[in-house]
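Please take the sequence and the model shown here together, and follow the text from the nucleic acid contacts to the fold of one chain.

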2 protein chains.
Amino acid sequence: MDENVCIETSKENMLALKDSLELLSGKWKFCILLSLYIYGSQRFKDLLANSVGGISPKVLSKELQDLENNLLITRTVNNTKPVTVTYALTKHAAETQPVINALITFGKKHRSQIIAK
Amino acid sequence: MDENVCIETSKENMLALKDSLELLSGKWKFCILLSLYIYGSQRFKDLLANSVGGISPKVLSKELQDLENNLLITRTVNNTKPVTVTYALTKHAAETQPVINALITFGKKHRSQIIAK
DNA sequence: GTTATCAATTACCTTTAGGAAAGTTACTAT
DNA sequence: ATAGTAACTTTCCTAAAGGTAATTGATAAC
């Protein structure tokens, strides 16, 4: 039976992996999250211009909505003129930090691997 | 100067993150790697039918080539009739394990978060 | 009343990812 | 000669991701 338990666990892990990928795969989500880690909560314009680099307003808007729907960020409209909107990480978003750190570590090591080739 | 050092590091991290995503983003690469972790080296047919689940031969072939070009797996043609081909993780691929584990952990926690909502 | 700012949204388009189905090559077994 | 197997490859197609540029709505400053 131990083998079946093991196979079950493997399938569970594969499903959990696929869940994560469905949400976080793509060019921008991790970058937005990293930017919010580094610089703290930010306004739309800051994310657009400074921190992420290269993203368009349309795509940024869509990605932020996805992240909000999945409880990883909060969206706060401020009482300023003109209106500003602040995006911040939720507590739950802390769960993505190990992923991002691991991706950064891999990215650095991988670069040297490829150069060495 | 400390602030500039910090900003430089941030940009470096963002680039490393983008490097990782360029290679590993998408529906299948992490699944293939996880499958090779769990079940060890496998043949094309095994990856296709059993372990990953749902991938087509065309896509599997392309993903395996990408991973091989990036030194994450090796491709070995065996002396069998008919020919079989075995795919195995390289030593360098071990660097992706923390990413995958973190993604699995996040996937599980995220599922309960979303259900609770 | 014109211009500017912020946070988008809309329309349009191109590129990439990915899937389905059939075909290919090389070999073996019957 | 025919059928089967393994590892692909090819063709064709759709859907999703992502980019560009212009526009919107609310507000305020000049």
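A polar contact is a pair of N or O atoms within 3.5 Å; within protein, one must be able to donate a hydrogen and the other to accept it, and residues adjacent in sequence count only if both atoms are side-chain atoms. This is a predicted model, in which local features need pLDDT of at least 70 and side-chain atom pairs count only at pLDDT 80 or more, while totals for chains, interfaces and linings use all residues. Residues are numbered from 1 along each chain as its sequence is written, chains are lettered from A and ligands numbered from 1 in the order in which they are written, and side-chain values use heavy atoms, with hydrogens and water left out.

A backbone N or O atom of Val85(B) lies 2.8 Å from a phosphate oxygen of DNA strand D, and a side-chain N or O atom of Lys27(A) is 2.7 Å from a phosphate oxygen of that strand. Of the atoms of DNA strand D within 4 Å of the protein, 62% belong to sugar or phosphate and the rest to bases.

Chain B also holds an open sheet of three strands in the order β1-β3-β2, with antiparallel pairing (strands, E, at least two residues, and helices, H or I, at least four, are DSSP runs numbered from the N terminus; two strands pair if DSSP finds at least two bridges between them). Because β1 (42–43) and β2 (73–78) of chain B stand at the edges, each with a single partner strand, one side of each is left without a neighbour in the sheet. Two bridges join β1(B) to β3(B), and Arg43(B) has Thr86(B) in β3(B) as its bridge partner.

Methods:
Near = heavy atom within 4 Å.
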